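Here's a walk through one protein chain, written for someone who'd rather look at the model than read a methods section. Keep the structure open while you read.

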Amino acid sequence: MDTSRPPRGQVGVETLIVFVAMILVAAIAATLLVSTAGLLQNTAQATSQDSKAQISDQLLVVGATGQVDADGEDRAVDRIDLTVTASPGAGEIDLSKASIEFVGPTNHRTLGYADAARPGAFAVESLVDDDANAPVLNDRSDRFSVLIDLDESMALAPGKRATLRIVGPSGSVKTAIVGAPASLRSYDDGDDIEL
């Protein structure tokens, strides 16, 4: 009897056990890869939708007027009225969830939505809104008036300008620069002027 040769049957069983273990490890790794790929795909789709909304859900400012406050010889613009509509291809834009950053000659404020315009908050009135859904721009024909009351520290003196950044609910930003005329002497209290 030759005892120098190892038993082949036992080596085959050990190899089979190692082979089965490698298959299990590969199956677990494949499952992790597939689940990670699915998670990444969902994240990419959500990011894509957010990016699309930021790009497409833009506001258009189609006009800007102001109201003159005359106190004796001193005159300033103490109310801004922006006429806005949705850009082509935009989805619904809920202006009650928007904010306006006011950067004036002497100060900076962030304004939130309110039912009535007051210093520190803006209001929305519908000009054209067939479905009476203000303050939500949900049709290309909708036109809203965004009203901003300015206190003394924000009022635009003759020749002064302000930058308004309207940040929509999707994160889109529309910048409008408004300025008072160089002279307001020919205007009376309450007169509307183009900015």
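Where is the place of P135? P135 sits in the loop between strand 6 and strand 7 (136-137). Keep in mind that this is a predicted model, and that goes for everything below.

**An unusual loop**

That loop is worth a second look. A cis peptide bond joins A134 and P135, with omega at about 10 degrees. A132 is found in the loop between strand 6 and strand 7 too, and A132 has a positive phi of about 50 degrees although it is not a glycine. For background, most residues other than glycine have a negative phi, and most peptide bonds are trans. As for cover, A132 has 67% relative accessibility, so A132 counts as exposed, the cut-off being over 50%.

**The nonpolar core**

Now for the inside. The largest nonpolar core has 31 residues, and the ones touching the most other members are I80, L82, L95, I148 and V178. Strand 1 (59-71), strand 2 (74-86), strand 4 (99-103), strand 6 (121-128), strand 8 and strand 9 each chip in at least two residues. Strand 2 gives the largest share of this core, with five residues. As a general point, nonpolar side chains in soluble globular proteins tend to be buried together.

**Salt bridges**

How many salt bridges does a search of the whole structure find? The search turns up four. Here are three pairs, with the distance between their N and O atoms:

| Acid | Base | N to O distance |
|---|---|---|
| E73 | R185 | 3.5 Å |
| D149 | R79 | 3.5 Å |
| D151 | R109 | 2.7 Å |

Take E73 and R185, which form a salt bridge. E73 lies in the loop between strand 1 and strand 2, while R185 lies in the loop between strand 10 (173-179) and strand 11 (192-194), so the pair ties together parts that are 112 residues apart in sequence. Both ends are out on show: E73 counts as exposed at 63% relative accessibility, and R185 counts as exposed at 64%.

The D149 and R79 salt bridge links distant parts of the chain as well, with D149 in strand 8 and R79 in strand 2, 70 residues apart. Is D149 buried or exposed? At 17% relative accessibility, D149 counts as buried, because the cut-off is under 20%. R79 has 24%, and counts as partly exposed.

Then there's D151 with R109, whose side chains meet in a salt bridge. D151 is in the loop between strand 8 and strand 9 and R109 is in strand 5 (residues 108-113), so this pair ties together parts that are 42 residues apart in sequence. D151 counts as partly exposed at 21% relative accessibility, and R109 counts as partly exposed at 27%.

**Two surface patches**

On the surface, D69, D71, D74, E152, D188 and D189 gather in a patch of negative charge. E152 belongs to the loop between strand 8 (143-149) and strand 9 (161-167), and at 80% relative accessibility E152 counts as exposed.

There's a nonpolar patch on the surface too, formed by L16, F19, V20, I23 and L24, with about 480 Å² of accessible area together. V20 is found in helix 1 (residues 8-56). With a relative accessible area of 41%, V20 is partly exposed.

Definitions and conventions:
Residues numbered from 1 in each chain as written. Heavy atoms only, no water. Patch = residues over 30% accessible without salt bridge, like charges linked within 9 Å, V, L, I, M, F, W, Y side chains within 5 Å. Areas by Shrake-Rupley, 256 points an atom, 1.4 Å probe, with all protein chains shown as cover. Lys, Arg positive; Asp, Glu negative; His and termini not counted. Charge placed at Lys NZ, Arg CZ, Asp CG, Glu CD. Helix = DSSP H or I, 4+ residues; strand = E, 2+ residues; numbered from the N terminus. Buried < 20%, exposed > 50% of the residue type's maximum accessible area, 1.4 Å probe, protein only. Core = buried A, V, L, I, M, F, W, Y, C linked by side-chain atoms within 4.5 Å.
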